[in-house]
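Notebook open, coordinates loaded. I want to go through a helix end, a loop serine, a strand threonine, the cysteines and the charged pairs, in that order.

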Amino acid sequence: MWKGSLLPSSRIRLLSNEDGGVIERLKAYDGRFATQVHREPMASLHMASDITDVEFKRAGYTTLMESLTHGQVTHKFKTLVRVVAAYPCQGKELDSLLTGDYCLRLTLEDPTARIHAYVHKNDAVSFFGGFLTLAALTRKMNRLLGVPEPEDDAEEGIVGGGGRNPPWVWCCLKSYRLDKYDPWGSRRYRVFGTEIRD
């Protein structure tokens, strides 16, 4: 996301396609789009976090929009995203992910789209890196969601250090369908081959 400030003296100007600046930007875009490596979002390229580990390290990069417009309903890919929301995201509900019949719903975004992806009960143990204590699960979810660590002298349970800033993380996703008679309408995404590091 981009943030900017407009002042009373600010001006907005539409540029024609023949403008030199527009031509240079289009050439840079076409050059980045032509190669698999440089298609990664420029805004997040240098800020990719190392808090996740993925099985398919050598797999090509795919944006969420490329996946949404993919020619097949079911496919697998690796992507660079931010986890902007999770449900459930705290307390005993997280602990029940590892032992019960629940799944975790993550809201993922990149510069091209926002989707929901699920961590199913079969993948939850490997996603969190094993059967962990409630405190360890909460700490990993907070890191993934960009929740700052509490201050040492702060009261227990109160998050210190300001607002949330989710890190850019690599993850592997696969799309699947719930209904064979409506494959496009019932398409969902599932996180696999991804682990949150300590």
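I started at the end of helix H5, where the next residue is Gly129, with a positive phi near 85°. Helices here are DSSP runs of H or I with at least four residues, strands are runs of E with at least two, and numbering goes from the N terminus. Note to self: this is a predicted model, so local features need pLDDT of at least 70 and side-chain atom pairs count only at pLDDT 80 or more, while totals for chains, interfaces and linings use all residues. Residues are numbered from 1 along each chain as its sequence is written, and side-chain values use heavy atoms, with hydrogens and water left out.

Which residues of H5 are buried? I found Asp123, Ala124, Phe127 and Phe128 within the 121–128 helix. They sit on the same side of H5 because they cover an arc of only 120° around the axis, taken from the directions from the helix axis to the C-beta atoms. Buried means under 20% relative accessible area, exposed is over 50%, and partly exposed is in between (1.4 Å probe, protein chains only).

Next, the loop between strand E5 (168–177) and strand E6 (187–192), where I looked up Ser186. Ser186 is buried at 7% relative accessible area. What does its side chain reach? I get the backbone oxygen of Asp182 at 2.7 Å, and a polar atom of the Ser186 side chain also lies 3.2 Å from the backbone nitrogen of Leu178. For polar contacts I use N or O pairs within 3.5 Å; within protein, one atom must be able to donate a hydrogen and the other to accept it, and residues adjacent in sequence count only if both atoms are side-chain atoms. Leaving out neighbours within four places in sequence, Ser186 contacts Tyr176, Arg177, Leu178 and Asp179, where contact means heavy atoms within 4.5 Å.

Then Thr107, in strand E3 (residues 104–109). Thr107 is buried, at 10% relative accessibility. The C-alpha atoms of Thr107 and Val83 are 5.8 Å apart, though the two residues are 24 apart in sequence. Not counting residues up to four places away, I list Thr107 as touching Arg82, Val83, Val84, Ala85, Arg114, Ile115 and His116.

Cysteines were a short check. How many disulfides are there? I count zero, with a disulfide being a pair of cysteine sulfur atoms within 2.5 Å. For Cys171, the nearest cysteine sulfur is that of Cys172, 7.0 Å away. Cys171 is buried at 6% relative accessible area, whereas Cys103 is partly exposed at 33%.

Last, salt bridges: I count four, taking a side-chain nitrogen of Lys or Arg within 4 Å of a carboxyl oxygen of Asp or Glu. One of them joins Arg197 and Asp53 at 3.5 Å, N to O. Arg197 lies in the segment after strand E7 (194–196) and Asp53 in strand E1 (residues 52–54), so this pair ties together parts 144 residues apart in sequence. Both ends are partly exposed, Arg197 at 35% and Asp53 at 27%.

Back to H5: its Asp123 meets Arg190 in a salt bridge at 2.9 Å, N to O. Arg190 is in strand E6, so the pair ties together parts 67 residues apart in sequence. Arg190 is buried at 19%, and so is Asp123 at 18%. Salt bridges that share partners also join Arg82, Glu109 and Arg114 into one network. In that network I noted Arg114 with Glu109, closest N and O atoms 2.6 Å apart, and Glu109 is buried at 9% relative accessibility.
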